[in-house]
Amino acid sequence: MLKVLGRITSINVRKVLWAADEMGLGYAREDWGKPIRDPNVPEFLALNPNGQVPVVIDDGFVLWESGAVLRYLAGRAGSDLWPQDLRERALVDQWLTWQATELNPSWGYIVPALLRGDPANPDPARIATALTSWTKKMRIFEARLAETGGFVANGRFSLADIALGLSTHRWMSVPVDKPALPAVEAHYAMMKDRSAAAAHLGSGTP
Ligand SMILES: N[C@@H](CCC(=O)N[C@@H](CS)C(=O)NCC(=O)O)C(=O)O
C-alpha cells in the first residue's frame, strides 16, 4: 500500500492526501514534520535530503515534492485530474506551479504568525506587507476564476483546483481583514462540497 509521510497540518501533505482520496487510492499515513516529529534525522533524510514533508513510498519507490507526487498519483490511478490533452495538462501544470512558487511564498510570514503563534508577538508592519503581496496574488486567482466561471485550469476539476482550494482555505482561515473575492469564495464553496475534500478543508487543519 502507498505510504504518505507527513503531518496533516502541512498544506503540501494535504494536497497529496486529498488527491489520493479523489482518486480512490488507499494509503497509510505516518506523522512526520515539526513540531510533531522532526524530519531532520538520518532515517528521514535518507528518504528526502531536504528534511521536508510530504514523502511518498510506493512499493519501495520513494518520491518527494508535492507537485511531482500529485502527477505520479494521477498517472498511477489513470486519473484525468491531470489531463491527457497537452494543452489542458499544461494549464493544470501552470496553476499548480503558480500555487507553489508564487502564491504560497506570499503568505510566508502571516500563516505561522497568525495561525500558529510563531512568532508570539508578530510585527504588524510585516503582517501588512505580506498581506498586500498575498492579496495581489489572490486577485490574480480571482480574475482567472471570474473568467472561467468554474474551475481554475480547464472546464473540469483538476489537480490545480486541489492545490488552490487548499490555498484559499488558508486565506479564509487567517483572522485579518481581507477584500471580498466572490469568484474565489464560490470556488471554495464548490471545493468544500466535494466529499473527498471534507477531511482536508476542515477548521482543524488551516
Ligand atoms: N516544495 C516542497 C515543499 C515542502 C514543504 O515546504 N514542506 C513543509 C511543510 S508544508 C515542511 O516539511 N516543513 C518542515 C516540517 O514540517 O518539519 C513540496 O511541495 O513538497
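# Close-up views of a two-domain chain

**View 1. Two domains sit side by side in this predicted model.** The C-alpha centres of domain 1 and domain 2 lie 21 Å apart. The domain assignment places residues 2-77 in domain 1 and residues 86-197 in domain 2. Each side brings ten residues to the contact: ten from domain 1 and ten from domain 2. On the domain 1 side, H1 and H3 are the elements that give two or more residues. H1 gives the most, with seven residues. By class, this side of domain 1 holds five nonpolar residues, one polar residue and four charged residues.

**View 2. The whole chain, with its eight helices and four strands.** Along the sequence the order is β-α-β-α-β-β-α-α-α-α-α-α. The radius of gyration is 17 Å, close to the 17 Å that the globule rule gives for 206 residues, so the chain is as compact as a globular protein of that length. The C-alpha trace spans about 45 × 45 × 25 Å along its principal axes. Buried residues account for 34% of the 206 residues. Among contacts with a separation of 6 or more, 65% link residues 24 or more positions apart.

**View 3. The shell around the ligand has 13 residues.** Ser10, Gly33, Lys34, Gln52 and Ser66 come nearest. Two elements give two or more residues to this shell: helix H1 (11-23) and helix H3 (66-77). H1 and H3 are also the elements that give two or more residues to the side of domain 1 that touches domain 2. The shell divides into five nonpolar, six polar and two charged residues.

**View 4. The largest nonpolar core, with 50 residues.** Val16, Ala19, Trp95, Leu159 and Ala160 have the most contacts inside this core. Domain 1 (2-77) and domain 2 (86-197) each supply at least three of the core residues. What does Val16 touch, leaving aside its neighbours within four places in sequence? Val16 is in contact with Val4, Pro54, Val56, Ser66, Val69 and Leu70. One of these partners, Ser66, is also among the residues that come nearest to the ligand. Another partner, Pro54, follows a cis peptide bond from Val53.

**View 5. Two cis peptide bonds, at Pro35 and at Pro54.** Lys34 and Pro35 are joined by a cis bond with omega of about 5°. Pro35 lies in the loop between S2 and helix H2 (42-45). Lys34 is also one of the residues that come nearest to the ligand. The bond from Val53 to Pro54 is cis as well, and omega is near 5°. Pro54 belongs to the loop between H2 and strand S3 (55-58).

**View 6. Positive phi at Asp59 and at Glu65.** Asp59 has phi near 50°, a positive value in a residue other than glycine. The loop between S3 and strand S4 (61-64) holds Asp59. Is Asp59 buried or exposed? Asp59 counts as exposed, because 7 C-beta neighbours lie inside 10 Å. Glu65 is not a glycine either, yet its phi is positive, at about 80°. Glu65 is found in the loop between S4 and H3. With 17 other C-beta atoms within 10 Å, Glu65 is partly exposed.

**View 7. Glu30 in strand S2.** Strand S2 covers residues 27-30. Glu30 has 13 C-beta neighbours inside 10 Å, so Glu30 counts as partly exposed. Which residues does Glu30 contact, leaving aside its neighbours within four places in sequence? Glu30 is in contact with Lys3 and Leu5. Glu30 and Gly6 are 24 residues apart along the chain, and their C-alpha atoms are separated by 6.2 Å.

**View 8. Arg126 in helix H6.** Helix H6 comprises residues 124-148. Arg126 counts as partly exposed, because 14 C-beta neighbours lie inside 10 Å. Arg126 and Leu181 are 55 residues apart in sequence. In space, C-alpha to C-alpha, Arg126 and Leu181 are 23 Å apart.

How values were computed:
Residues are numbered from 1 along each chain as its sequence is written. This is a predicted model: local features need pLDDT of at least 70, side-chain atom pairs count only at pLDDT 80 or more; totals for chains, interfaces and linings use all residues. The radius of gyration is taken over C-alpha atoms; the globule rule is 2.2 Å times the number of residues to the power 0.38. A residue is buried if 20 or more other C-beta atoms lie within 10 Å of its own, exposed if 12 or fewer, and partly exposed in between; C-beta atoms are placed from the backbone. Two residues are in contact if their C-beta atoms, placed from the backbone, lie within 7 Å. A residue is near a molecule or strand if its C-beta atom, placed from the backbone, lies within 6 Å of it. Ala, Val, Leu, Ile, Met, Phe, Trp, Tyr, Cys and Pro count as nonpolar, Asp, Glu, Lys and Arg as charged, and the others, Gly among them, as polar. Domain bounds come from an automatic or database domain assignment. A nonpolar core is a set of buried Ala, Val, Leu, Ile, Met, Phe, Trp, Tyr and Cys residues joined through C-beta atoms within 7 Å.
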